[in-house]
Amino acid sequence: MKIANKSGVRVAPKSKTQLSSKKTPKSSKPSSAKNAFAGLSKDLLIQMHDLMVKSRVLEERLIKIYRAGESYFWIGGPGEEAWGVPLGLLANVGEGLKHDFFHLHYRCTPTLIALGMPMIDSIRLMMNRATDPSTGGRNFSNHYCFPQWNVAPVTSPIEVQYSIACGTAHAQKRAGYKTLSIVTGGDAGTAEGDFASCLVWASRKGNELPLLITVQNNKWGISTGFEGMHGETYIADRAKAFNIRSRVINGNDPVQTYLALKEEMEYIRKTGKPSFIEAQVSRLYGHSSASGANPVNNEVDCVKEFEKKLIQSGYITQDKAQALWDKYEEEGVRAVEQARSEPVPTAESVWDHTYANNENADWRKF
Ligand SMILES: Cc1ncc(C[n+]2csc(CCOP(=O)(O)OP(=O)(O)O)c2C)c(N)n1
Ligand SMILES: [Mg+2]
C-alpha cells in the first residue's frame, strides 16, 4: 500500500511502504518561498506543521490534566516536534520484520502523532484508563506501545532501548528486508552502558546492523547541564570511533531534520549499515512534572518558529494557523471528557500481559 501521494505527503497513517524520495513537485509559489524550505513541497510542509501543532496541543493538554489533579505524573515532548514528526512520516510503518521498528523514549509524542495515534489514546494513558491501548492504564504518560506500528514499549529506565534496538535490527538483517530499526533517547542517558553496547553491536565489521541511532540532545539530564556531563564536543563524535557514519543536526528545524533523516534512512536501507544522528532540540517545559512542568522562555520554540516562516512565505495565513490550534484544543478537551467516563484498571487485571498466556499470573498461587 502506498503512503505518499505525489507531494510526498503521508496519506494513510497505517500504510506500509517508504515515503517516496524522488522529485519535489512543482509549486505555484515563487522560488524564494520554495528556497526557504529547501524545495520541500507545500503539502508536506503544511502536513508537518499540522502534526507539530497537534502534538504540542496534546502535550499541553497532558500538563493541564496533571495540574488538575487528574493524573499523577507528566513527562513528554514539547520542543521535539520538529524532530519527531519527520521521523514518523519517513518510516516504513507496519507490523513485523517487513517494516521499521521504533525504540523510542518518553519524549516521542510527535512521532506517534505522525504515525496516526489519536489524541485520546495518549490521554487515556495519562489518565490511567483501562482503555489505554499501550499499557491498559498502568504506566506513565508517553510510555507508548503500539505493536501494529512496531513501536516497542517505552521504558522508564533510560537508554535500555539502545541495546534492545540491536535485537530487532539483527532480526531484520537476517530476514533480508530493506527495513531498519530506529532508536531515540536523551543526551545524559548516553552515559549508560546500554548506549556503548549499542555502538559496539551495531558496528562489528561484517556484521553491521541496519540501525538508525539517534540522540535528542536538549543539553539537560533532569537538572544537570550538558557541560557538567560531557568531555566530548558532540555526542555524534563518539560514533566515529566505531566507523559509524554520523552527523549533528538542528533538530528544531523540521526541514533540515526531514532532509537529514531521509538521507540517512536511505543510506541504511541501501548499505545495511548503521548511521548516527545527534539532533539538537529544546526542552520547553523542563524535565517533567517533578520539576514543575513550567514553560521555559529562553529556548527555541520549533513550532512557533516554523509557523512564523510558513506565514511569512504565504503558505498559510495567521487565521488558518490559529484555527488549527483551536481545532486541536477542542479535540483535547473532548478527549478528556471521554476518558473521564471510562473505567480504571481493576485489581484482577494486574498480571495481564506480564507473562505469556498469563502463566503463573497470580503470585498468590505460587
Ligand atoms: C537507568 C536510569 N537511571 C536514572 C533514571 C532517572 N532519570 C529519568 S530521566 C533522566 C534524565 C535523562 O536525561 P536525558 O537522557 O538527557 O533525557 P531527557 O530527559 O533530557 O530527554 C534520569 C536520570 C532512570 N529513569 N533510569
Ligand atoms: Mg537531555
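**Exercise 1.** In what order do the 5 strands of the open sheet lie, and is their pairing parallel or antiparallel?

*Solution.* The structure is a predicted model. Step one is the strand order, which reads 1-2-3-7-6, with parallel pairing. Step two concerns the edges: strand 1 (101–103) and strand 6 (245–250) each pair on one side only. Step three adds the geometry, since neighbouring strands of this sheet are turned by 15 degrees against each other on average, direction ignored.

**Exercise 2.** Determine how strand 3 is joined to strand 7, and identify the helix that lies across strand 3.

*Solution.* Strand 3 spans residues 211–217 and strand 7 residues 275–280; the two run parallel and are joined by 6 bridges. Within this pairing, Gln216 has Ala279 of strand 7 as its bridge partner. The helix is helix 6 (residues 160–175), which lies across strand 1, strand 2 (181–183) and strand 3. Relative to strand 2, helix 6 runs at about 170 degrees.

**Exercise 3.** Describe the largest nonpolar core and the surroundings of Ala202.

*Solution.* The core has 88 residues, and those with the most contacts inside it are Ile123, Cys198, Ala202 and Leu211. Helix 2 (residues 42–67) gives the most to this core, with 12 residues. Next, set aside the neighbours of Ala202 within four places in sequence; its contacts are then Cys166, Glu208, Leu209, Leu211, Ile213, Ile244 and Pro274.

**Exercise 4.** How many residues surround ligand 1, and how do they divide by character?

*Solution.* Ligand 1 is surrounded by 13 residues, the closest being Pro157, Gly186, Ala188, Gly189 and Gly221. By character, the shell divides into 5 nonpolar, 6 polar and 2 charged residues.

Note on methods:
Residues are numbered from 1 along each chain as its sequence is written. Chains are lettered from A and ligands numbered from 1 in the order in which they are written. This is a predicted model: local features need pLDDT of at least 70, side-chain atom pairs count only at pLDDT 80 or more; totals for chains, interfaces and linings use all residues. Two strands pair if DSSP finds at least two bridges between them. Helices (H or I, at least four residues) and strands (E, at least two) are DSSP runs, numbered from the N terminus. Axes are lines fitted to C-alpha atoms, for helices over the stretch in contact, and angles run from 0 to 180 degrees between N-to-C directions. Two residues are in contact if their C-beta atoms, placed from the backbone, lie within 7 Å. A residue is near a molecule or strand if its C-beta atom, placed from the backbone, lies within 6 Å of it. Ala, Val, Leu, Ile, Met, Phe, Trp, Tyr, Cys and Pro count as nonpolar, Asp, Glu, Lys and Arg as charged, and the others, Gly among them, as polar. A nonpolar core is a set of buried Ala, Val, Leu, Ile, Met, Phe, Trp, Tyr and Cys residues joined through C-beta atoms within 7 Å. A residue is buried if 20 or more other C-beta atoms lie within 10 Å of its own, exposed if 12 or fewer, and partly exposed in between; C-beta atoms are placed from the backbone.
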